[in-house]
Amino acid sequence: MSLLHSAYGARRSSIQLVTCRGTSIENSQLFDIPPNERAQFSRYEVEYKSFVTFRTDPICTYNCHGMTFASRRTGIDDSKELWKILEEDGYEEVTTWKAALPGDVILYCSRPLVTGMPLEIEHSGIVMSVPSPYDKLYQEEAIKVCSKWGSYSEVLHALRYCPYEVEKIMYYRIKKQTYF
Amino acid sequence: MLIKSEQLRDAFVFANIPSYLFRHYSKHPEVLRLAQKHTGVELARLMQQQFKAFQAAPDDLDQAVTVYAVLVAGGLMSGRESEAFFKALPAEFRDIKWLDELQALSRQIRQAHPAANSQEVHISAEPLPIANEAAGAQIAFSKV
């Protein structure tokens with residue numbers, strides 16, 4: 001996350017992003033990684049490299065939600081916009097992890113800070129693999145995910161091996177044609 | 001004043017949404033201490049000092065983290081003090097990413113929990129077990 005874009009002379013922008021129904025989605029792009037974050041990245045490479053696979057260099061044009069819902073073209077940082085996408089693009093919840101499939105969207109949700117508001121989607125990614133009942137480790141933790149960690153890299157990781165709240169995991173998929 | 005915390009640095013880098021930042025920062029003892037120790041106007045003055053320090057050393061992540069720590073502390077104050085804090089910030093601070101969102105979040109929390117408007121109230125953002133997922137979360141408020 002960049003503190004103050006102008007402090008770095010960083011270039012920022014947004015693009016025209018809409019849901020399947022044509023509703024605009026707020027988004028923002030950043031093109032220069034703040035120098036003060038680069039030093040932190042090298043620590044993560046050391047700390048996580050034994051447990052995860054870094055799929056990309058650090059990229060700040062998009063965040064996790066931009067990777068999951070905007071084809072890596074921009075960042076989305078408002079949970080309300082994400083719920084809008086899920087509804088208007090025709091996503092349906094996959095109600096149990098056992099029914100999840102590679103390609104499904106995975107949401108890492110936390111309780112909202114304000115009672116009565118929708119769950120906050122702190123993080124999202126794409127399911128890469130799901131264990132089969134014949135596997136030795138047939139449990140949700142064995143699900144593998146591709147996600148982007150803030151302004152850092154895209155990472156392949158085990159479901160819970162990431163720096164986000166895992167209070168409630170949800171899976172979503174577009175299962176059928178939606179008619180508007 | 002420079003806050004050096006690996007926990008706050010990580011939350012800064014990994015934050016995808018403002019509430020992630022607010023949640024993680026508002027649990028930190030140094031942020032809570034700032035909210036309790038200062039008035040809104042004092043904290044706004046501190047914010048300006050920290051921001052100048054950040055401009056002088058933009059490569060220092062701890063300096064950026066400290067600016068956000070002060071900002072979240074301002075959002076954790078009682079209603080009157082918090083409003084005074086945000087009002088006292090110079091207009092150019094509106095460029096700070098998520099400042100508006102953090103202020104809105106702070107207001108929403110106070111509106112949902114009117115007890116937080118009392119000056120004697122301490123906000124604790126410690127996680128509570130999800131009792132009713134549909135109803136969502138509750139933030140705990142307790143009298144100091």
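This report walks through a sheet in chain A and the contact between chains A and B, in a predicted model.

## The sheet in chain A

Let's start with the strand order. Chain A has an open sheet of seven strands, running E3-E8-E7-E6-E5-E9-E4 with antiparallel pairing. Strands E3 (53-54) and E4 (91-94) sit at the edges with a single partner strand each, so one side of each has no neighbour in the sheet. Helix H4 (residues 79-88) of chain A packs on this sheet, where it touches E4, E5 (105-110), E6 (120-129) and E9 of chain A. The direction of that helix makes about 45° with that of E6(A).

At the E4 edge, four bridges tie E4(A) to the antiparallel strand E9 (residues 168-174) of chain A. One pair to look for is A:Val94, whose bridge partner in E9(A) is A:Tyr171.

## The E3 edge and its hairpin

Over at the other edge, E3(A) pairs with strand E8 (residues 154-158) of chain A through two bridges, again in the antiparallel sense. Here A:Phe54 is opposite A:Val155 in E8(A).

E8(A) also pairs with strand E7 (residues 144-148) of chain A, and those two run antiparallel with five bridges between them. A:Lys144 faces A:Ala158 of E8(A) in this pairing. The hairpin of E7(A) and E8(A) has five residues between the strands, and A:Gly150 takes a positive phi near 55° there.

## Where the chains meet

Now for the interface. Chain B puts 45 residues into the contact and chain A puts in 46. Together the two chains bury about 3900 Å², with 60% of that on carbon and sulfur atoms. On the chain B side, B:Phe14, B:Asn16 and B:Arg23 lose the most area to chain A, together 19% of what that side buries.

B:Arg23 turns up again in a salt bridge: its side chain meets that of A:Glu122 at 3.1 Å, N to O. The count between the chains is three salt bridges, and there are 18 residue pairs in polar contact across the interface, both residues at pLDDT 80 or more.

## What chain B brings

Several helices of chain B each supply at least two residues of the side touching chain A: H1 (6-14), H2 (18-26), H4 (40-56), H5 (61-76) and H7 (99-112). H2(B) gives the largest share, seven residues. By class, this side of chain B has 28 nonpolar, seven polar and ten charged residues.

Note on methods
Residues numbered from 1 in each chain as written. Chains lettered and ligands numbered in written order. Predicted model: local features only at pLDDT ≥ 70, side-chain atom pairs only at ≥ 80, totals over all residues. Heavy atoms only, no water. Pairing = 2+ DSSP bridges. Contact = heavy atoms within 4.5 Å. Axes fitted to C-alpha atoms, helices over the stretch in contact; angles between N-to-C directions. Buried area = accessible area lost by both parts, 1.4 Å probe. Salt bridge = Lys/Arg side-chain N within 4 Å of Asp/Glu carboxyl O. Polar contact = N/O pair within 3.5 Å; in protein donor to acceptor, adjacent residues only side chain to side chain. Nonpolar A, V, L, I, M, F, W, Y, C, P; charged D, E, K, R; others polar.
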